[in-house]
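Here is a walk through a protein chain, written for someone just starting out with structures. Keep the 3D view open and follow along as we go from the big pieces to single residues.

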Amino acid sequence: GPEQRTTTSNSVPFTCTAGLFSSRNLNVNWLKDNNKYLAQAPQLESISKDVYYVTSKAWVSLAKQDIFSQITCEVTHADLDEPLKMTMNLSQVLLAGKPFISLKGPEQRTTTSNLVPFNCTAGPFSSQNLSLDWLKENNNYLASAPQLYISSDAHYVTSKARVSLTKEDIFSQITCEVTHADLDEPLKMTMNLSQVLLVIPTLEITTEPPEIHDHGHQRVNLTCHVNHFYPQNVELLWIKNNGKILTLEVPQATRNSDGTYSLNHTLQEDVTLNENTQFSCCVFQYDQNPLLINITLGAQVLHKGRGMRDYSNHLEGPLQRSSAGTSIQLKYSSSKLPTQHVTVTWLKNNHSHLQTQTNVFTSGNTYSVTSSVLVPLESDDILSSVLCRVEHKFSVIFQKVINLDQYLSGCTNA
């Protein structure tokens, strides 16, 4: 490395030399903290016939955080049983300056209920008599014990905090604060948890009464409701019969009072009266698996008044609110169904299957169905919902979303 220490923001040269090898077939790699680092092309020199050595140079731009970083040169060759390696601590060349503090979170956004790490680094200080505190919303937050390091009589500290994210953390902050006698006031750095938070939306498809057209066709309006997601960047597309992709301009998402976003997109399509047609609303959010919700429209569902019976649907929940940690029961019932081929699906937040019980029984010349579900309540269910979807012979005849905040004690409806 360089002969003299240097300050941050400067690029400093590191030179690696290795030999003696019997051929030119070798490889030189540079790594910074075990990650590959770009460097100049290696230079090969021959001392004599079939005796070679190699030289390579890497320029490293120093940052304050590099007090804990390392640079490594690695050489591989057929003459070697294992690669030649040499590592140097960047603290050996970094000139201590004024105390600094840095705070880093995860590189990728994380969904709620997951623990995410935050790393805080500060220094240099003249002694190890320092204090490091973590705060979430100005309240002390437990974290790992600070680790102290010494480099050329300068003291540095690092600490890690793991934060369990919730939907409410859109407006929350995490702060690292360091105090020391060298400082006139504590060093502080704050990070908005919204920078690392990913809230998965719930999906719902609703239909409007169709318009009757000639030649056995109807025009239907399908609306895909994408509710309570964060951040606002999502992509939406429609799929027809699992094949044809309908790409349309998606409207701007609107901000909700809880900081999340929602959007509604309406698709207008012609369907054939005597054929079942499936539409899917597909939502893409960052690197998550696509979210998908389907609805099947057919002659019985669309063409009321021409041979279709008027189904009777009823959905009910408890009359009183319940506290987190308990369960509530939701009930669905329907009558006047022409066949017993009925499926009732209950979904919490569009992806969690629940414990259900469904019964179908005859009632004269028709069939009736009852279905119930036990829904466990959690403290963060203020933004959760349960979807009840009923299909008769592969066509959706009833679909409704129930928001759980109306049943959770301690919550009030806006």
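Let's begin with a spot where you might expect charges to pair up: between domain 3 and domain 4, the count of salt bridges is zero. Keep in mind that what you're looking at is a predicted model.

**The domains and one meeting place**

First, get your bearings. The domain assignment splits the chain into domain 1 (11-92), domain 2 (100-195), domain 3 (202-297) and domain 4 (312-403). Now zoom in on the last two names in that list. Going by C-alpha atoms, the centres of domain 3 and domain 4 sit 22 Å apart. Their contact draws 12 residues from domain 3 and 12 residues from domain 4.

How much area is buried there? People often describe the size of an interface by the accessible area that is lost when the parts come together. For domain 3 and domain 4, that comes to about 970 Å², with 49% of it given by carbon and sulfur atoms. On the domain 3 side, Thr-202, Glu-204 and Thr-296 lose the most area to domain 4, and together they make up 41% of what that side buries.

Salt bridges may be missing here, but there is one residue pair in polar contact between domain 3 and domain 4, with both residues at pLDDT 80 or more. Which strands build the domain 3 side? Strand S18 (202-212) and strand S25 (291-297) each supply at least two residues. S25 gives the most, with five residues. Sort that side of domain 3 by residue type and you get five nonpolar, five polar and two charged.

**Salt bridges elsewhere**

Side chains of opposite charge can pair when their charged atoms come close. Across the whole structure, the search turns up five salt bridges. Here are some of them, with the distance between the closest N and O atoms:

| Acidic residue | Lysine | Closest N to O |
|---|---|---|
| Glu-74 | Lys-85 | 3.4 Å |
| Glu-177 | Lys-188 | 3.3 Å |
| Asp-381 | Lys-348 | 3.0 Å |

Take Glu-74 and Lys-85 to start. Glu-74 is in strand S6 (residues 70-77) and Lys-85 is in strand S7 (residues 84-89), 11 residues apart. Is each partner buried or exposed? Glu-74 counts as buried because its relative accessibility is 16%, while Lys-85 is exposed because its relative accessible area is 57%.

Now look at Glu-177 and Lys-188. Glu-177 lies in strand S15 (residues 173-180) and Lys-188 in strand S16 (residues 187-192), and 11 residues separate them. Glu-177 has a relative accessible area of 17%, so it is buried. Lys-188 has 54%, so it is exposed.

The pair of Asp-381 and Lys-348 spans 33 residues of chain: Asp-381 is in the loop between strand S31 (366-376) and strand S32 (385-392), and Lys-348 is in strand S28 (residues 342-348). Here both Asp-381 and Lys-348 are buried.

**Two buried residues to click on**

Try Asn-221, in strand S19 (residues 217-229). Why does Asn-221 count as buried? Its relative accessible area is 13%, and the cut-off for buried is under 20%. The side chains of Asn-221 and Gln-268 are joined by a polar contact of 3.0 Å. Setting aside residues up to four places away in sequence, Asn-221 touches Thr-206, Thr-207, Glu-208, Thr-266, Leu-267 and Gln-268.

Next up is Val-390, in strand S32. Val-390 counts as buried, because its relative accessibility is 0%. Beyond its neighbours within four places in sequence, Val-390 is in contact with several residues, including Tyr-332, Val-342, Ile-397 and Phe-398. From Val-390 to Val-369 is 21 residues in sequence and 10.0 Å in space, C-alpha to C-alpha.

**Backbone oddities**

A few backbone spots deserve a look too. The peptide bond from Gly-19 to Leu-20 is cis, with omega near 0°, and Leu-20 lies in strand S1 (residues 11-21). Gly-123 and Pro-124 are also joined by a cis peptide bond, with omega about -5°; Pro-124 is in strand S10 (residues 115-125).

Then there's phi. Asp-33 is not a glycine, yet its phi is positive, about 55°. You'll find Asp-33 in the loop between strand S2 (26-32) and strand S3 (35-37), and its relative accessible area of 36% makes Asp-33 partly exposed. His-228 also has a positive phi, near 55°. His-228 sits in strand S19 and is partly exposed, at 27% relative accessible area.

Methods. Residues are numbered from 1 along each chain as its sequence is written. This is a predicted model: local features need pLDDT of at least 70, side-chain atom pairs count only at pLDDT 80 or more; totals for chains, interfaces and linings use all residues. Side-chain values use heavy atoms; hydrogens and water are left out. Domain bounds come from an automatic or database domain assignment. Contact means heavy atoms within 4.5 Å. Buried area is the accessible area (1.4 Å probe) that two parts lose on being put together, summed over both. A salt bridge is a side-chain nitrogen of Lys or Arg within 4 Å of a carboxyl oxygen of Asp or Glu. A polar contact is a pair of N or O atoms within 3.5 Å; within protein, one must be able to donate a hydrogen and the other to accept it, and residues adjacent in sequence count only if both atoms are side-chain atoms. Helices (H or I, at least four residues) and strands (E, at least two) are DSSP runs, numbered from the N terminus. Ala, Val, Leu, Ile, Met, Phe, Trp, Tyr, Cys and Pro count as nonpolar, Asp, Glu, Lys and Arg as charged, and the others, Gly among them, as polar. Buried means under 20% relative accessible area, exposed over 50%, partly exposed in between (1.4 Å probe, protein chains only).
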